[in-house]
Amino acid sequence: MTLEEIKRDLDFLPEAMVEEMLSKQKEVIKRIGANLQKLGSLKAKVREALLNLGVIRDFADVVRQKSYPTTVGVDGTRSRIMQLSMDTAAVAAVAVEGLVPPREEKIWPKPHHIVKIFQLEHSPVTDELLRGLMFSCELELACKAPHRVVMLDGSYTSILVATGQCLKQRDNGPEELRNEVESRIKQTLENFRIVLTSPKIDQIFVALPKYTERKEVISLLQAEGLTDPILERIDDRGLLTICLKSQEFIGPLPLQKPQSPWHLTGVPEEYISIREEIINAMNELHVVYIKPSPVHPVLRAEIGRNIAIDERKLFILLQALLEQTVVPGIFEPYPLYIADVFVKHVHGSLLELREAAVSDMSRVNNLNLTDYFLLLHDYRSREDFE
């Protein structure tokens with residue numbers, strides 16, 4: 001491809017619009033720079049306060065004989081092609097082994113992915129149902145993996161909220177989705193309880209959100225009297241990324257609870273006991289922050305109480321996170337990164353497969369191809385994937 005053939009998004013915008021955007025973006029960058037300067041000046045105070053509180057620890061201080069734990073990362077996606085006549089939707093989840101060791105010796109049932117494709121009537125609650133099914137598939141793969149450390153992309157809060165919204169709307173959506181959700185309720189709830197509690201003595205489940213607004217550490221600093229306006233505008237990951245040194249970690253700290261109690265809506269009466277176990281486990285979640293290397297941001301790891309109170313399990317978890325976050329430029333554990341790459345291609349693949357299927361329909365007798373193409377046309381340009 002020649003340079004003349006390469007098109008940028010800016011090439012398609014009016015010149016005056018580009019100039020205005022550039023002017024406003026420069027102002028935003030200046031403000032970001034000013035905030036970063038404030039953070040830099042606060043760094044020494046933050047480290048001093050955290051050291052005085054005794055919450056900063058070094059991985060070398062808790063190191064034991066290395067066991068090279070097996071790891072797996074699980075990520076999922078949902079995709080919806082909104083067509084003139086009907087929707088085509090897909091839910092997918094993928095599990096990927098970590099870098100070291102290269103192979104899990106225990107039986108790992110195949111396939112290591114789940115894909116479901118639906119043809120749906122239009123509905124305003126389709127997205128809620130798809131998102132709930134996406135997490136259901138992720139939980140299923142996570143619980144099937146025999147690996148020592150099982151990493152889930154995202155936060156436990158996201159799973160809780162999405163599952164509740166899905167169950168609440170399960171009677172209102174397209175029939176095909178309603179049936180799928182109904183058939184998976186019990187197993188989804190049981191799987192969620194398992195990943196929250198890590199009941200097996202030799203297995204650890206951990207949730208690793210990329211984006212977070214949580215402030216467990218900042219709240220701790222503010223309670224000790226450290227106040228600065230910049231602390232109101234940043235979260236723990238942003239602050240600790242510049243304040244922690246390589247292989248330092250903080251925690252486990254109790255996960256910051258919402259203003260209102262945790263709740264899981266839409267659960268059928270026969271599964272109320274499982275719901276209560278899930279809520280209890282959410283109330284006992286803890287968080288650990290670890291800085292893998294000088295060139296990686298801090299990782300936020302959400303773990304259950306069984307791991308938080310067990311120093312041996314905590315060491316194994318930290319070891320796994322450090323071993324899987326070694327590639328410069330990849331800012332998350334390797335198996336989660338690869339799983340994310342896979343699922344991000346589901347939407348584009350679904351579009352390509354649809355075009356291939358449409359081409360095959362040209363061979364069908366007595367089919368008005370003009371009507372067929374129009375009814376399957378996307379009603380607007382969109383990329384609806386997560």
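Let's start inside: helix 5 gives the most to the lining of the largest cavity, with five residues. Keep in mind as we go that this is a predicted model.

That cavity holds about 100 Å³ of space, and it is one of two cavities of 30 Å³ or more that turn up in a search of the whole structure. Which elements supply at least two residues each to its lining? Helix 3, helix 4 (156-168) and helix 5 do. If you want to pick out the walls on screen, look for Gly132, Leu133, Ser136, Thr163, Cys166, Leu167, Val181, Arg184, Ile185, Thr188 and Leu189. Sorted by class, the lining has six nonpolar, four polar and one charged residues. Arg184 is charged, and it is among the lining residues, so that's the one to follow next.

Arg184 forms a salt bridge with Glu140, and the closest N and O atoms of the two sit 2.6 Å apart. Glu140 belongs to helix 3 (residues 126-144) and Arg184 to helix 5 (residues 175-197), so this contact ties together parts that are 44 residues apart in sequence. Are these two buried or exposed? Both Glu140 and Arg184 are buried. They aren't on their own, either: a network of salt bridges links Lys116, Glu140, Lys144, Glu180 and Arg184.

Now slide along helix 5 to Arg193. Its salt bridge partner is Glu277, with the closest N and O atoms 3.8 Å apart. A salt bridge here needs a nitrogen within 4 Å of a carboxyl oxygen, so this pair, at 3.8 Å, makes the cut. Here too, distant parts of the chain are linked: Arg193 is in helix 5 and Glu277 in helix 8 (residues 272-283), 84 residues apart. What about exposure? Arg193 has a relative accessible area of 23%, which makes it partly exposed, and Glu277, at 39% relative accessibility, is partly exposed as well. The cut-off for buried is under 20%, so Arg193 with its 23% does not count as buried.

One more pair deserves a look. Arg300 and Glu302 meet through their side chains in a salt bridge, at 3.2 Å from N to O. Arg300 is buried, and Glu302 is buried too. Across the model, the count comes to 16 salt bridges.

Back to where we began: Arg184 is a lining residue of the largest cavity, and it is also a member of the salt-bridge network with Lys116, Glu140, Lys144 and Glu180.

Methods:
Residues are numbered from 1 along each chain as its sequence is written. This is a predicted model: local features need pLDDT of at least 70, side-chain atom pairs count only at pLDDT 80 or more; totals for chains, interfaces and linings use all residues. Side-chain values use heavy atoms; hydrogens and water are left out. Helices (H or I, at least four residues) and strands (E, at least two) are DSSP runs, numbered from the N terminus. Buried means under 20% relative accessible area, exposed over 50%, partly exposed in between (1.4 Å probe, protein chains only). On a 1 Å grid over the protein atoms alone, a cavity is a set of points where a 1.4 Å probe fits but cannot get out, and a pocket is an open set with protein on both sides within 12 Å along at least five of seven lines; lining residues have an atom within 4 Å of a point. Grid points are joined across faces, edges and corners, and a volume is the space filled by probe spheres set on the points.
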